[in-house]
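Reader: Before I use this model in my own calculations, I would like to learn how its features are read. Could we take them one by one?

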Amino acid sequence: MFDRLIDHHCHGVTLAALDRAGFEALMSEAHRPGSPAFVSQFDKPLGLVLRRHCAPVLGLEPMASPEAYLARRMALGPTEASRRLLAAAGVSAMLIDSGHRADEILDCAGMAELAGVPSHEVVRIEAVFEAAAGQGDPLRAFAETLAARAATAVALKSVVAYRSGFAIEQTRPGAAELSVALARWQRACEAGRVRLEDPVLLRHALWVALELAAERRLPIQLHVGVGDRDVVMPRCDPGWFVPFIEEAEARGVPVMLLHCHPFERECAWMAEVWSNVHVDVGFTLNFTGPSALRPLRDLMEMAPFAKQLYSSDAFGLAELHLLGRVQFERALTRILADWIAAGDLPLAEAERIAAMIAWENAARVYELGQ
Amino acid sequence: MFDRLIDHHCHGVTLAALDRAGFEALMSEAHRPGSPAFVSQFDKPLGLVLRRHCAPVLGLEPMASPEAYLARRMALGPTEASRRLLAAAGVSAMLIDSGHRADEILDCAGMAELAGVPSHEVVRIEAVFEAAAGQGDPLRAFAETLAARAATAVALKSVVAYRSGFAIEQTRPGAAELSVALARWQRACEAGRVRLEDPVLLRHALWVALELAAERRLPIQLHVGVGDRDVVMPRCDPGWFVPFIEEAEARGVPVMLLHCHPFERECAWMAEVWSNVHVDVGFTLNFTGPSALRPLRDLMEMAPFAKQLYSSDAFGLAELHLLGRVQFERALTRILADWIAAGDLPLAEAERIAAMIAWENAARVYELGQ
Amino acid sequence: MFDRLIDHHCHGVTLAALDRAGFEALMSEAHRPGSPAFVSQFDKPLGLVLRRHCAPVLGLEPMASPEAYLARRMALGPTEASRRLLAAAGVSAMLIDSGHRADEILDCAGMAELAGVPSHEVVRIEAVFEAAAGQGDPLRAFAETLAARAATAVALKSVVAYRSGFAIEQTRPGAAELSVALARWQRACEAGRVRLEDPVLLRHALWVALELAAERRLPIQLHVGVGDRDVVMPRCDPGWFVPFIEEAEARGVPVMLLHCHPFERECAWMAEVWSNVHVDVGFTLNFTGPSALRPLRDLMEMAPFAKQLYSSDAFGLAELHLLGRVQFERALTRILADWIAAGDLPLAEAERIAAMIAWENAARVYELGQ
């Protein structure tokens, strides 16, 4: 369906030897020990497609049992298993957000080596801010580090959706409110609470990032919707974030809405209306398993073809990198085939549209070259 | 597809002789006289599937006209008609919320007798609170009655979604604000306005119920989304209620999200992320008639199989008990068949998943035994 | 499928000679110059169905290239091309909102002449209010003009969704707050900012319109959801507007929810519950192109058949009038055919339901006669 594929948003994998509990923990966004004993992470849509598509790559029959799969993975060793899965994924390039649980997973260079394909870094804005805790002038340290990191990155990313949500004031904060918020955060840091959740500081970080993005011609990625338990979903509707998106539009900065579930339709419409808005369904394709066609159909209902991208949002498990590709290719192929069959799309144009979504849009927006 | 079926949320039926207006009134959640003359409740999705599946049970051809159907129902008499319909529904057990318009419908024991299957009571928290109006110490009367009722119940249920909505403060109210709110409500009661809508009193009732549920190992059912005209839908997004759900999680109390329409996707994601969240589409399957496959697909996109349950949410008409089962069985069968056909689900595992959703999860959560 | 079709909400077309940029600008709700060069409005779902269905009407093969299509349209001239497209649309009557960019498009009489079918006027409430700027007593001028315009109109329409959104206080404003708001708006008008966005003035305008509508037996149309960049989508959920809708219900005034995307399910449920609520998916059918079946399926999941209507919401391009019809007829036919095939709808009743949605409901609500 397409001869190249750029994963414009994913994370590294772990090379730790995972027992069943450890493996299942990475099959969930919940990230908490103590799931009830009656819930196996294999007994959900993701579990089905994982057994189907990953087992053969490790030399088992499709739909091998969870026990057989994990035994085989352990026997191969995590490095070899991950290498095979990444090779099967066969993406042309990866854009890697290394700002989440970075000590547990491979970094950008490690992923490039393991997968044997170019990888590019995406800098997580809030992680850089938090790393400035304890500095004499944290705001200056943040700005300087962000600028330095951006020099070798292809994009900046914000998880403001997880912190304050999108339904916040979005103007650049004034000096007075900023200094009050900073002092409050510094006291919290001294007490060990470094996590950046203050809306004023988040706005400051976003504005510093926006001006840097404009200057360096970098897109800004925004986490939208589904994720772990930090999300207050009604505050994650990206429609609340239009004022900031319009500031980005005015500066020529592309905004990349990630995952978008369950706001696929809202995001597709935003991609139609705002010239800088781009969209993917990322994470959703893996976690909806046999039903992945549906969220992609939602996105493709209205989004312009030049505004859609592919991502796996894989984290931790190489399986998720492979599944992202398989799920995307199946769903995109089916949708375009249905359009052809209905007479709405010329056969000769399907490949052109698939290429735009699979890699051309990413290559253009992130200026990755050919 | 499954050999048992537990309806974990429904209501009693009426044995009154219903004329067309009375019957149509129970085909709608609107519960208001004076529907425009041009709207027949048979001219909607529910009307189509009712004529199709209920008419044969009363000895008519499928798709009998509304007139023929109602004449036949009247000729049989409401008791005999209801008995036939409930027998055709063939559920293994019913969990009955008897706290809504209880004087118009059969109670838990009456339903068990008419249907010939075990029935279990679900206690509606707000109804118990309202019944304490006029007591010398209503808060104490509420707590005592709730504890007494819980002794023979399998779950508690809240309709806070209908009253204040979910977008409220969710901490346990302090003594001072509670006493102010109580006094205000007592004055309202004296003026005849007993309905519990005050967020402070609702929070108090929920917290009393939560501690009782934790002590007695009872799940809490929460009405979510579609319902009658009391619902302010944007305030019904269950994402707003996560703080309370996390308090329940910390105490090991299962939370059962009912109906969930149009928040199926939000609820499916919550069942994936919070260990105590369970989901159904209840009411939605009947009221979407020929399209019932779609809301169930939405739920099954992401929800773990061990977190999904069946309910009819039938109220008043035995037809709704039968339709709930027919609609659920058709939709679930079709979804699993599609997954099998696509290669995403082994044929041998389909029955296991169907059994979990049809009855095993309910038997486990409500501790109903086998 | 149906022998008549009433487009109960659309706009006039332009007879200007459009170059590619001008034509593409009318293919988008974004209405802004400066779309990025990489985005052609033909490379989106609307572009595909436009090439498919409009090209043959102008004498080209289906799926003609954008270049060939625009060259042919230019050669025919905009008047002849528009005449052919409107003739192919073949609607029986049009209800035209002439209150948006009225100087660029044909008015109601012009459309009737060009299309050769009866057209009826819908008066945009906010446009009448804004036209009263600079009058000595703008409130009185508004009320008088609205009453005069209503004399020859079949409905009033509000775009409050675009201005304040629906999440506002909805009672009739008091004299004191009204006079403060009026004075503020008059100062803004003197500075050239005539646009009516003040919630107090919007409420006043709505209440004046509501009483007029009740007196004259006119429905009120409400824009809902998708549209241009003025929409703050989370504030457009029509669930927020129930208090006003209930005031309309109490006065017997039908409320027509237009487009409804992405709130199709919320709107379908509202049509089920409130006796005066009617719904369509208008604009959505054109802008979802090959996927138009999906939003119509969402609406038809729960909405009563007597509460659904057809509209194209076409603006500017006669192509959108034709596509509205083609998309609607395809989608409605397919949905009813699926219901028949599944055994849920008698073949003999499909035409009756189609006729209700295609024209009978509109003829009844707007009292258009036969």
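Author: What follows goes from the relation of the chains to helices and then to a single residue.

Author: This is a predicted model, in which local features need pLDDT of at least 70 and side-chain atom pairs count only at pLDDT 80 or more, while totals for chains, interfaces and linings use all residues. Residues are numbered from 1 along each chain as its sequence is written, and chains are lettered from A and ligands numbered from 1 in the order in which they are written.

Reader: By what turn and shift can chain C be laid on chain A?

Author: Two copies of a chain are related by a rotation about an axis and a shift along it. Here a turn of 120 degrees with a shift of 0.0 Å along the axis lays chain C on chain A with an RMSD of 0.0 Å, the superposition being by least squares on the C-alpha atoms of residues with pLDDT of at least 70 in both. The two copies are thus related as by a three-fold rotation axis. In chain C, the C-alpha nearest that axis belongs to C:Pro234, at 5.2 Å from it.

Reader: How many residues of chain C are in contact with chain A?

Author: Two residues are in contact if their C-beta atoms, placed from the backbone, lie within 7 Å. On that basis 29 residues of chain C are in contact with 25 residues of chain A. Helix 2 (residues 45–54) of chain C gives the largest share of the side of chain C that touches chain A, four residues, where helices are DSSP runs (H or I, at least four residues) numbered from the N terminus.

Reader: Is helix 2 of chain A largely enclosed or open, and why?

Author: A residue is buried if 20 or more other C-beta atoms lie within 10 Å of its own, exposed if 12 or fewer, and partly exposed in between. Nine of the 10 residues of helix 2 (residues 45–54) of chain A are buried, so this helix is largely enclosed by the rest of the structure. Among the buried residues are A:Leu46, A:Val49 and A:Arg52, and the buried residues of helix 2 of chain A pack against helix 3 (66–76), helix 4 (78–89), helix 13 (282–287) and helix 15 (318–341) of chain A.

Reader: Where is B:Arg334 placed, and is B:Arg334 buried or partly exposed?

Author: B:Arg334 lies in helix 15 (residues 318–341) of chain B, and B:Arg334 is partly exposed, with 15 other C-beta atoms within 10 Å. The C-alpha atoms of B:Arg334 and B:Leu293 are separated by 7.9 Å, although the two residues are 41 residues apart along the chain.

Conventions. Helix = DSSP H or I, 4+ residues; strand = E, 2+ residues; numbered from the N terminus.
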